[in-house]
Amino acid sequence: MGVFRRRPELDGFDAFVRRVQPALLQALIATYGPVDGREAAVDALSWAWEHWDRLATVDHPVSYLYRVGQSATRRFLPRPVPTRLVDVLETRFPDVEPTLLPALARLSAQQRTVVVLVHGYGWRQAEVARLLGVNASTVRDHLNRALDHLRDEMEVSDVNGRP
């Protein structure tokens, strides 16, 4: 009987996956919903294993793999806004105002991603900007527009009493 021997590079890859997978999953699920987001994350991490030597030179691997996951979703059939996003948000945030979930679903994918990552998962705007490959000011603009849209749609005022 042969003895199973681990390849040394696998240990480094395992540590890499433990480090990047939570953020990658959060980002892809925020963008594509839990089903497509998880599938995209699996595809991205599979690509990472196959191109491990190439990925070692990347400055921001989560951002890079997010893009790989986005490319992987192109093979999925076009779908409306992730319908299971509501389930994820209800599970994670059971005390959320019921009108928020449909309002979030009507945001653009990029605005919804920014809002969920910043306010749902507590990411810093700079982290979201790096992930999306945009300037921090662009993330701030998306966030402000999304929050204005949500306030208008839900008919709520901000803390200063402005609509």
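Here are some questions and answers about the predicted model shown above.

User: Happy to start with the basics: how is this model numbered and filtered, and how many helices and strands does the protein chain have?
Analyst: This is a predicted model, in which local features need pLDDT of at least 70, side-chain atom pairs count only at pLDDT 80 or more, and totals for chains, interfaces and linings use all residues. Residues are numbered from 1 along each chain as its sequence is written, and side-chain values use heavy atoms, with hydrogens and water left out. Helices (H or I, at least four residues) and strands (E, at least two) are DSSP runs numbered from the N terminus. The elements run α-α-α-α-α-α-α-α from the N terminus on, and the totals are 8 helices and 0 strands.

User: What percentage of the residues in the protein chain is buried?
Analyst: Buried means under 20% relative accessible area, exposed means over 50%, and partly exposed is in between, using a 1.4 Å probe and protein chains only. The protein chain has 163 residues, and the buried share is 37%.

User: And which percentage of the contacts with a separation of 6 or more joins residues 24 or more positions apart?
Analyst: A contact here means heavy atoms within 4.5 Å. Among contacts in the protein chain with a separation of 6 or more, the share from residues 24 or more positions apart is 65%.

User: Let's look at the rings: which residues form one aromatic cluster with Phe13?
Analyst: Rings of Phe, Tyr and Trp (its six-membered ring) pair if their centres lie within 6.5 Å, and planes under 30 degrees apart count as stacked, over 60 as edge-to-face and the rest as tilted. The structure holds 5 aromatic pairs. In one of them, the ring centres of phenylalanine 13 and phenylalanine 16 are 6.1 Å apart with planes at 35°, so this pair is tilted. The cluster joins Phe13 with Phe16, Trp49 and Trp52.

User: Where do phenylalanine 13 and phenylalanine 16 lie?
Analyst: Both of these phenylalanines are buried. They sit 3 residues apart, about one turn of the helix, and their shared element is helix α1 (residues 8-50).

User: What kind of pair do phenylalanine 13 and tryptophan 52 make?
Analyst: Phenylalanine 13 lies in helix α1 and tryptophan 52 in helix α2 (residues 52-55), so the pair ties together parts that are 39 residues apart in sequence. Phenylalanine 13 is buried at a relative accessible area of 9%, whereas tryptophan 52 is partly exposed at 22%. Their ring centres are 5.1 Å apart and their planes are at 90°, so the pair is edge-to-face.

User: Good, now on to α7: how are α7 and α8 oriented, roughly parallel or roughly perpendicular?
Analyst: Axes are lines fitted to C-alpha atoms, for helices over the stretch in contact, with angles from 0 to 180 degrees between N-to-C directions. Angles under 35 degrees count as roughly parallel, over 145 as roughly antiparallel, 65 to 115 as roughly perpendicular and the rest as oblique. The axes of α7 (residues 125-132) and α8 (residues 136-154) come within 8 Å and cross at roughly 105°. That makes the two helices roughly perpendicular.

User: Which residues of α8 meet α7?
Analyst: From α7, the partners are Gln125, Val128 and Ala129. On the α8 side they are Ala136, Val139, Arg140 and Leu143.

User: Why do the buried residues of α7 line one face of the helix?
Analyst: The buried residues of α7 are Val128, Ala129, Leu131 and Leu132. The arc is that of the directions from the helix axis to the C-beta atoms. Seen down the axis of α7, these residues line one face because they fall within an arc of 160°.

User: Which residues does serine 63 touch, beyond those up to four places away in sequence?
Analyst: Serine 63 lies in helix α3 (residues 61-73) and is buried, with a relative accessible area of 12%. Its C-alpha atom is 6.7 Å from that of leucine 132, 69 residues apart along the chain. The residues it touches are Arg130 and Leu131.

User: Finally, which residues does histidine 142 contact, leaving aside neighbours within four places in sequence?
Analyst: Histidine 142 is in helix α8 and is buried, with a relative accessible area of 17%. The axes of α6 (residues 109-120) and α8 come within 9 Å and cross at roughly 95°. Histidine 142 is in contact with Gln110, Gln111 and Val114.
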